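Reader: Please take a close look at a single part of this model, with its charged and aromatic contacts and the packing that goes with it. Give the cut-off behind each term.

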Amino acid sequence: MTRITNITLDDANLPPPTPEIEQERKVAVFDLLEDNVFVLPERDGRAVPAGPYHVGLSIREKRLVFNVQTEGAEPAAEFHLSLGPFRQVVKDYFQICESYFDAVKKLPPSQIETIDMARRGIHNEGSRVLQERLEGKVEVDTDTARRLFTLICVLHFGG
């Protein structure tokens, strides 16, 4: 199977998340595990261990690390991505999320909807950047990329 059945975030050295960030994380993990596409391509003519996969996400030495294992804990892949291409979109995403969380408390629905549309646009941009960075390493669909981008933001929050 070409999917993720377990995902963990290495957030041990990060400050505790805000309630809003924790909620975003829980929703992203739940939605990701419910429905995702995660296909490891064959590399250098070597067979790829069959999924489903367990994925660990962490930030090490200013790099985003994907540690992929089979359900039997057999190493399947590990790849490191530079955080540079994500910095601006993550910053923009946090700023718009903060505006959204504030708006929900005090603005009318029409203004909340406008901010939410902007938030979705930035989220889509983040998922597009992620898909580009993962090219040749793993194939993910748009929804999977969106959920993974949310989890990358959670790791960035403390980093």
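Author: What follows takes one helix, then the packing of the wider model.

The model is predicted, so local features need pLDDT of at least 70 and side-chain atom pairs count only at pLDDT 80 or more, while totals for chains, interfaces and linings use all residues. Residues are numbered from 1 along each chain as its sequence is written, and side-chain values use heavy atoms, with hydrogens and water left out.

The part chosen is helix H3, residues 109–134. Helices (H or I, at least four residues) and strands (E, at least two) are DSSP runs, numbered from the N terminus. The expected span of a helix is 1.5 Å times one less than its number of residues. For the 26 residues of H3 the expected span is 38 Å, and the end C-alpha atoms are 37 Å apart, which agrees. After H3 comes glycine 136, with a positive phi near 85 degrees.

The buried residues of H3 are Ile112, Ile115, Asp116, Arg119, His123, Gly126, Ser127, Val129, Leu130 and Leu134. Buried means under 20% relative accessible area, exposed over 50%, and partly exposed in between (1.4 Å probe, protein chains only).

Two charged residues in that list, Asp116 and Arg119, form a salt bridge with each other, their closest N and O atoms being 3.1 Å apart. A salt bridge is a side-chain nitrogen of Lys or Arg within 4 Å of a carboxyl oxygen of Asp or Glu. Because aspartate 116 and arginine 119 are three residues apart in H3, about one helical turn separates them. An α-helix has 3.6 residues a turn, so residues three or four places apart point the same way. Arginine 119 counts as buried at 14% relative accessibility.

Arginine 119 also meets glutamate 24 in a salt bridge of 3.3 Å, N to O. That pair joins distant parts of the chain, with arginine 119 in H3 and glutamate 24 in helix H1, 95 residues apart. Glutamate 24 is partly exposed, at 21% relative accessibility. A network of salt bridges links Glu24, Asp116, Arg119 and Arg120.

Arginine 119 has an aromatic neighbour too: it lies over the face of tyrosine 100, at 4.1 Å from the ring centre. A charge sits over a ring if NZ of Lys or CZ of Arg is within 6 Å of the ring centre and within 35 degrees of the ring normal.

Further along H3, glutamate 125 forms a salt bridge with arginine 128, with the closest N and O atoms 2.5 Å apart. These two residues are again three places apart in H3, so about one helical turn lies between them. Glutamate 125 is partly exposed at 33% relative accessibility, and arginine 128 is partly exposed at 35%. The structure holds seven salt bridges.

Tyrosine 100 is one of the buried residues of helix H2, which include Phe86, Val89, Val90, Tyr93, Ile96 and Cys97. H2 has 23 residues and reaches 35 Å from its first C-alpha to its last, close to the 33 Å expected at 1.5 Å a residue.

The structure holds four aromatic pairs. Rings of Phe, Tyr and Trp (its six-membered ring) pair if their centres lie within 6.5 Å; planes under 30 degrees apart count as stacked, over 60 as edge-to-face and the rest as tilted. The ring centres of tyrosine 93 and phenylalanine 149 are 5.7 Å apart and the planes meet at 70 degrees, so this pair is edge-to-face. Tyrosine 93 belongs to H2 and phenylalanine 149 to helix H4, 56 residues apart. Both are buried, tyrosine 93 with a relative accessible area of 5% and phenylalanine 149 with 0%.

The last level is the core. A nonpolar core is a set of buried Ala, Val, Leu, Ile, Met, Phe, Trp, Tyr and Cys residues joined through side-chain atoms within 4.5 Å. The largest one has 42 residues, of which Phe38, Leu57 and Phe66 touch the most other members. H3 is among the elements that give two or more residues to this core, along with H1, H2, H4 and strands S1, S3, S4 and S5. H2 gives the largest share, nine residues.

Contact means heavy atoms within 4.5 Å. Leaving out residues up to four places away in sequence, phenylalanine 38 touches Thr2, Arg3, Ile4, Tyr53, Val55, Val68, Val138, Glu139 and Val140.
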